[in-house]
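Hello,

As agreed, I am handing over the structure; please find it here. My notes on what was found follow below.

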Amino acid sequence: MNKFNIIAAILLVVGVAIFFSLSKDVSTYASFSEASENHHRVKVAGILAKDKEMYYNPQENPNYFSFFLRDPKGEERKVVLLQGKPQDFDRSEQVVVTGEMKGDEFIANEVLLKCPSKYKDEEIYVKKQI
Amino acid sequence: MSPIQYVGEHLWIGHVIHAAVIIGFLASINGVYAYFKNAKTQSADWHRYGRWSYLIQGLMVVTTIGLLFYSMFNHYYEYEYVRHHISDDLKLKYLLAAFWEGQEGSFLLWMFWNVLLGLALIKTAGRWESPVMGLLSLMQAFLFSMIIGLYFGFGEHVLKLGSSPALLVRETFAAPIFQNPEYLKLIKGNGLNPLLQNYWMTIHPPTLFLGFASTIVPFLFAFSGWYYKDAKAWLKPAQEWALFSGFILGTGILMGGAWAYEALSFGGYWAWDPVENMSLVPWIMIIAGLHTNMIARATGRAVRTTYIYYLLAFILVLYASYMTRSGVLGETSAHAFTDMGLEWQLILLCVSFIGIGLYKYFQNKSMVSLPSDEDKINSREYWMFIGAMILLFSAVLITSSTSLPVFNKIIKLFQPDFKGHVIVDSISHHNRFQLWIAVLVCLLSGFAETLRFKEGHWDEFKSRFLKLITISVIAAAALYAATFKSLDSNSWQHLLLFFAGIFAICSNLTYLFTFLRGNLKLAGSAIAHLGFGVMVLGILFTGLNKKIISTNLFAQQDLIDGFNTEDYMKNLVLIKNAPMTIKEYEVTYNSDTLLDPFNREFEIRFDQKDAEGKTVKSFNSAPSLVYSRNENQSPSSNPSVHRSWKQDLYTYVNWLPPSMMNQESAEKSEAELKYQNYHITLNDTFFFSSGYGILKSLKNTVQNAEYEKKPGDGILACNLEFHQLNDTNTYTSQPAIISRGEFFYSLPAIQNDLGLKMKINPSSLEMYYPNSQDGKDAEMKVNDEVFIDGYKIQFTGFDKNPSHESFDFHPEDIAVAATLIITTPEGKKIKSEPIFCIRKNEVKVIPAFHFDDQIRLSCFKIDPQSESISIKFLKYNSAQTIDLDLAEKAPRNDMIVIQSILFPGINLFWLGAITMLGGVFISGIKRWIKF
């Protein structure tokens, strides 16, 4: 099937082209300092700073939730999430946010939480003694 | 130390499961050997041996499933799988969902389907039986190894083979509780993830897994064809099974979309999550293989391609298992399984079948003779082949992007400091590329259908072909011109896809009615492609015209540049009974009800208004929350979908006050309040920073949904009135406190408009409900009178059928009320009926309270012989005061945040997808049952 080899070749070229165009879609997990340098949309994976303030006041603005995140380099920044406060946020430890730096704040509109409890429950629940 | 003798365990189940899995594993390996021996020697003995092996392993699968199910049904929490997935309060209808929630259960489900598929194949495969069943037995052996749970020690290294579903809790955890031989009485089940407590979870996983399991069958026939060096005959059964697999797997995926749409709150049916992607690609490959299979049967071309495509479809299922079960997806997927240490086994499974498939392919690929003539560009097979290639291309693209975490992992092996790449916005990434696949599929399917296989009379056929295509193009253009404005997008790519979808619909309809003259028997492919076109339109409408209507008009518009307004206009705050206007709707949060301890349903009313503000349509939306058994975990939010033929209105609760969220948040929020104590007297005024309050009255009744009356409860409630400076409104609150035995329960009140939270301090209770030992005793007979502290008490008789507002009588109770008349020193007469009750040799004394007069009267003994009673009378003196704890700046508890999304054309999506699968179904029926 000779003609198909040609088509296959075309598809291959397109595929390679797509592969190289991927760099726009793909990024590494950035640290906050990297994010402030390049001003692109990036993902930052970090640990929720539970000792710092988490602010959500729906009456004031239901689409504004802020918290502090510590990136793998140990840098802690304020993250503003343009969403409501995700349920179970207080229990999560690892947080992945997608967005960009604006000044000192990381503005995110996407968040993924890894709750230690959600899919593996390493606790045994003991019946309450009544 | 002697081993602890645990009480109440059902260890035999675990032993039988272990034995069954090992026997099943060995029987499967036997099956592989016997069947391949038979394939070589064609001996009846080996054949029988192979079949028996398969039957035995099938029996072992059923035994394992039966016993695991039995222990889940009976809540045998000594088993980790049971404890992890079941809880006492889990409804029976979710037992199946709980069964396949975990990895072991889903492996068993897969094996179960393999058993049934194997039985069907034994019955129907005929001369292909040996290689088909031999390879299927190998697959079963691999699956058995995943749940075998054996450990091999190599020095310091422990090699784990499989994860057993019969593992005991005490083998999994090292906890002090296992020092207690009766630990079983203490542990409780973990329960099913609330997200999975949905009826779709009963049918979606088994359908999907039947789809996954069945992808092996077309490959089995391809393999057998190669095995016997028969390039032709295998194509027929392979095609039949590919139709079956395509239909079932497609249905399973669609059900998953329906579940996501109804139960998850990301607002859609598809999110390009790795788990979704990896279930889609095998289906795409099955469909691609189906197309080349048809070419092969019609023309003798593309036989090798068909083999490769079917192999790929099956390998992708194995690869998907590796991706979702090995933990490699990590933080990129919201719903993969957790790692269970099966990674190397899953890799081995993939590699083995890739090896077997490719080895056989290259060994015998020269058996396929290539046709000598050139492909004709005007033949159907030419364009079908291109179509199948495009499907392959689509699968490769999706798989590559989704495999990014796998690539990262491989690079990290060589370069430990490699940081790893991740796709930033996977939805737009996949949509951008798959859009072109959809355009090509629509256009190709539109006209290739009209062509004929092995075109030999093109000159005669040409005019007819052109006529059909012209009709289709004109119809599509007209329809496009009439409707393209309804799409909320000007991007030419979207408009192109829109046209392509319409063209697919028009051309396939034209084909259906002119070529086939409505003959449904042959119409399978046309219907499937027609459905695809409709589905594409549905995807465009739901994706582009989707409107988040829950925008808050007062949100700061100029918050941050670079983010479109949609980013921060998604949520709406609703306060109970306060209507909000959004777009053409007036939305009111009416109520929330706790249906059962784990289910809270909200009632949100939508009134659709016309231009003059008149209500044209009203409906209720009832999103709900499912609480987890773990009271510290937040509930999961179940959306509510109001359906209409044009669009769906999809609503879910996105945030709720901490007090409804979970124990931890409630406590945290409570701890942040600063209470101030006020000692207040009836009708007196007390001041706090933003206003003043008045204690209007005290009562001994309370109406509170959270309070369930129990016998002997003492209630203290009060009516408070609040005023604010510069505000003529009066605000009221009714806090209460209950004394029950040695405990007290506070029923705090929240005055949301003023941000006040108040509780009656327990010290107030002591004044009103003095210790029950206090009081003066007297013994009385009927018609006796006594005077205590200036009160005259007359005993007038018994009431044999007493009633009490808060006492819950049992049928076996022997209860009598003594009827007494109390006359106060002021001359007021009070009828008092203290109750004396015997329940199973236990005496219950239910005193009568006369709250206004501060009197308590109880009857603590009845002598049936002399018909006399012993009473205890107490007059307690206290001022009409209470201690009130009041906190200001309390958060509202009558406020929720919702998200409401309009999905126009969602029904086009479902209709299209169902039509497409219906087309596959019709083709399948035609092949399976000749009619």
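**Notes on chains A and B**

Chain A has 2 helices and 7 strands in its secondary structure. Read from the N terminus, its elements follow the order α-β-α-β-β-β-β-β-β. Please keep in mind that this is a predicted model.

Two further figures describe chain A. It has 130 residues, of which 35% count as buried. Among its contacts with a separation of 6 or more, 49% are between residues 24 or more positions apart.

In chain B I looked at one helix and one sheet.

The helix is H10(B), which covers residues 235–263. It has 29 residues and spans 41 Å from its first C-alpha to its last, close to the 42 Å expected at 1.5 Å a residue. H10(B) is also mostly covered, with 24 of its 29 residues buried.

The sheet in chain B is open and has 4 strands, in the order S23-S32-S31-S30, with antiparallel pairing. Its edge strands are S23 (776–781) and S30 (848–850) of chain B, each of which pairs on one side only. From one strand to the next, the twist averages 25°.

Within this sheet, the pairing of S23(B) with S32(B) can be followed down to residues. Strand S32 of chain B takes in residues 868–875, runs antiparallel to S23(B) and is joined to it by 6 bridges. In this pairing, B:Glu779 stands opposite B:Ser870, which belongs to S32(B).

Regards

Conventions
Residues are numbered from 1 along each chain as its sequence is written. Chains are lettered from A and ligands numbered from 1 in the order in which they are written. This is a predicted model: local features need pLDDT of at least 70, side-chain atom pairs count only at pLDDT 80 or more; totals for chains, interfaces and linings use all residues. Two strands pair if DSSP finds at least two bridges between them. Axes are lines fitted to C-alpha atoms, for helices over the stretch in contact, and angles run from 0 to 180 degrees between N-to-C directions. A residue is buried if 20 or more other C-beta atoms lie within 10 Å of its own, exposed if 12 or fewer, and partly exposed in between; C-beta atoms are placed from the backbone. Two residues are in contact if their C-beta atoms, placed from the backbone, lie within 7 Å. The expected span of a helix is 1.5 Å times one less than its number of residues.
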